[in-house]
Amino acid sequence: MLVVAVVLIMTSCQRKPVMAHARFMHLPAQGWQQSCPLTFTPEYDDSAATYNLILAIRHNNSYRYRNLSLAVDIIAVDSVVDRRMVNMQLADEYGNRVGGGFGTLYQDTVLLCGVIDPSEARSVVVWQAMHECDTLTGLTDIGLIVNPI
């Protein structure tokens with residue numbers, strides 16, 4: 001009985017693995033307006049661990065630009081805002097999509113932050129920042145991936 005109790009205590013004290021988390025937000029079919037930001041709340045398994053924050057973009061063949069410009073606000077626990085401009089190339093000069101995917105749906109990712117602890121990113125706000133277009137069509141989803149290092 002004592003051996004069983006010791007084994008149960010030892011296994012319950014083992015550190016649980018830190019997992020990656022991803023959350024995607026679906027964009028409206030009529031397009032993503034510049035005035036409508038997307039707000040993500042990163043999920044962390046361990047407040048003492050460090051993470052990479054990765055932004056993922058899903059788009060289809062109706063996206064008519066080669067590039068995508070985004071403004072990303074990373075808001076820390078103390079409300080300090082770190083704004084980053086993200087420019088992604090989604091197609092080459094011939095119109096061939098450069099992201100991974102199949103059929104007409106593609107996904108591209110970009111590293112927002114490497115080696116960040118949870119206090120540095122309480123929330124992430126993503127703004128569409130294309131100067132030529134108030135409403136973007138052809139983007140299907142925007143996602144935030146929180147990956148443990």
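## Contacts and overall make-up

Two residues are in contact when heavy atoms lie within 4.5 Å. By that rule, take the contacts in this chain between residues at least 6 apart in sequence: 77% of them join residues at least 24 apart. The model is predicted.

The chain has 149 residues, and 42% of them count as buried. Its exposed area is about 8800 Å². Carbon and sulfur atoms supply 56% of that area. The secondary structure comes to 1 helix and 11 strands. Along the sequence, the helix precedes the strands, in the pattern α-β-β-β-β-β-β-β-β-β-β-β.

## The sheet of five strands

One open sheet holds 5 strands. Their order is β1-β11-β4-β8-β7, and the pairing is antiparallel. The edges belong to β1 (21-26) and β7 (100-102), each of which pairs on one side only. From one strand to the next, the twist averages 20°.

At one edge, β1 pairs with β11 (residues 139-148). This antiparallel pairing runs over 6 bridges. One residue pair can be picked out here: Ala-22 has Ile-145, in β11, as its bridge partner.

## The sheet of four strands

Another open sheet has 4 strands, in the order β3-β9-β5-β6. Here, too, the pairing is antiparallel. The edge strands are β3 (38-40) and β6 (81-89). Each has a single partner strand, so one side of each is left without a neighbour in the sheet. The twist in this sheet averages 20° from one strand to the next.

Strand β5 (residues 67-75) pairs with β6 in the antiparallel sense. The pairing covers 9 bridges. Within it, Val-72 has Arg-84 of β6 as its bridge partner.

## A look at Ser-69

Ser-69 lies in strand β5. Is Ser-69 buried or exposed? The cut-off for buried is under 20% relative accessible area. Ser-69 has a relative accessible area of 17%, so Ser-69 is buried.

Which residues does Ser-69 touch, leaving aside its neighbours within four places in sequence? The contacts are Val-86, Asn-87, Trp-127, Gln-128, Ala-129 and Met-130. Take Val-86: this residue is 17 residues from Ser-69 along the chain, yet their C-alpha atoms are separated by 5.7 Å. With Asn-87, the link is between side chains: a polar contact of 2.6 Å joins Ser-69 and Asn-87.

Definitions and conventions. Residues numbered from 1 in each chain as written. Predicted model: local features only at pLDDT ≥ 70, side-chain atom pairs only at ≥ 80, totals over all residues. Heavy atoms only, no water. Pairing = 2+ DSSP bridges. Helix = DSSP H or I, 4+ residues; strand = E, 2+ residues; numbered from the N terminus. Axes fitted to C-alpha atoms, helices over the stretch in contact; angles between N-to-C directions. Buried < 20%, exposed > 50% of the residue type's maximum accessible area, 1.4 Å probe, protein only. Polar contact = N/O pair within 3.5 Å; in protein donor to acceptor, adjacent residues only side chain to side chain. Areas by Shrake-Rupley, 256 points an atom, 1.4 Å probe, with all protein chains shown as cover.
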